[in-house]
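Here are a few short exercises to work through with the structure open beside you. Try each task yourself before you read its solution.

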Amino acid sequence: MACWVGEHWWILGLFLHFVIAYSAAAIYCLTSRKLTFLREHFIVCGLFYGIAIYLTMSLIVLPLSAVPFKIGPFTVATLRHDILMQMLIIGLPISFSAWKFSK
């Protein structure tokens with residue numbers, strides 16, 4: 001019988017994925033209580049928050065993790081796609097939720 005932990009690392013990965021996502025949402029929501037422009041201009045702030053999350057993940061979280069990745073060569077198309085996805089799939093839903101549920 002194989003080691004249970006060795007076969008199920010994906011559970012830890014899934015858990016940490018949601019911890020990071022909920023932490024990002026909590027940071028935005030708590031900050032938007034003090035900085036009301038984050039709720040008033042949620043579209044622009046959400047897009048920029050998506051960029052901030054992309055930069056945080058790419059420059060801080062991934063280099064500190066055990067993920068084997070190679071830095072470069074980057075293509076402009078890949079960078080544009082990755083940033084756009086973070087803006088639309090992560091940043092905007094978080095800012096929209098903060099705006100919607102603050103009413």
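**Exercise 1. Place Ile94.** In this predicted model, find the helix that holds Ile94, then decide whether Ile94 is buried or exposed.

Solution. Start with the location: Ile94 sits in helix α5. Next, look at its accessibility. The relative accessible area of Ile94 is 10%. Buried means under 20%, so Ile94 is buried. Finally, look for a partner from far away in the sequence. Ala24 lies 70 residues from Ile94 along the chain, yet their C-alpha atoms are separated by 8.3 Å.

**Exercise 2. Build the core.** Which residues make up the largest nonpolar core, and which element gives the most to it?

Solution. First, list the members. The core has 8 residues, and Ile94 and Ala24 are both in it, together with Tyr28, Leu38, Cys45, Tyr49, Ile53 and Ala98. Next, sort them by element: α2 (9–34), α4 and α5 each give two or more residues. The top contributor is α4, with 3 residues. As background, nonpolar side chains in soluble globular proteins tend to be buried together.

**Exercise 3. Compare two helix pairs.** Describe how α4 packs on α5, then how α2 crosses α5.

Solution. Take α4 and α5 to begin with. Helix α4 covers residues 42–64 and helix α5 covers residues 76–101; their axes are 6 Å apart and the packing angle is about 130°. Roughly perpendicular ends at 115 degrees and roughly antiparallel begins over 145, so α4 and α5 are oblique to each other. The crossing of α4 past α5 is right-handed. Sorting the residues of this contact gives 16 nonpolar, 5 polar and 1 charged.

Now turn to α2 and α5. Their axes come within 10 Å and cross at roughly 40°. Roughly parallel needs an angle under 35 degrees, so α2 is oblique to α5. The crossing of α2 and α5 is right-handed.

**Exercise 4. Look for a disulfide.** How many disulfides does the model have, and why does Cys45 not bond to Cys29?

Solution. Begin with the cut-off: the two cysteine sulfur atoms must be within 2.5 Å. For the sulfur of Cys45, the closest cysteine sulfur is in Cys29, 13 Å away, so the gap is too far for a bond. The count therefore comes to 0 disulfides. To finish, check the surroundings of each cysteine. Cys45 is buried, at 13% relative accessibility, whereas Cys29 is partly exposed, at 31%.

Methods. Residues are numbered from 1 along each chain as its sequence is written. This is a predicted model: local features need pLDDT of at least 70, side-chain atom pairs count only at pLDDT 80 or more; totals for chains, interfaces and linings use all residues. Side-chain values use heavy atoms; hydrogens and water are left out. Axes are lines fitted to C-alpha atoms, for helices over the stretch in contact, and angles run from 0 to 180 degrees between N-to-C directions. Helices (H or I, at least four residues) and strands (E, at least two) are DSSP runs, numbered from the N terminus. Angles under 35 degrees count as roughly parallel, over 145 as roughly antiparallel, 65 to 115 as roughly perpendicular and the rest as oblique. A crossing is left-handed if the near helix is turned anticlockwise from the far one by less than a right angle, and right-handed if clockwise. Ala, Val, Leu, Ile, Met, Phe, Trp, Tyr, Cys and Pro count as nonpolar, Asp, Glu, Lys and Arg as charged, and the others, Gly among them, as polar. Buried means under 20% relative accessible area, exposed over 50%, partly exposed in between (1.4 Å probe, protein chains only). A nonpolar core is a set of buried Ala, Val, Leu, Ile, Met, Phe, Trp, Tyr and Cys residues joined through side-chain atoms within 4.5 Å.
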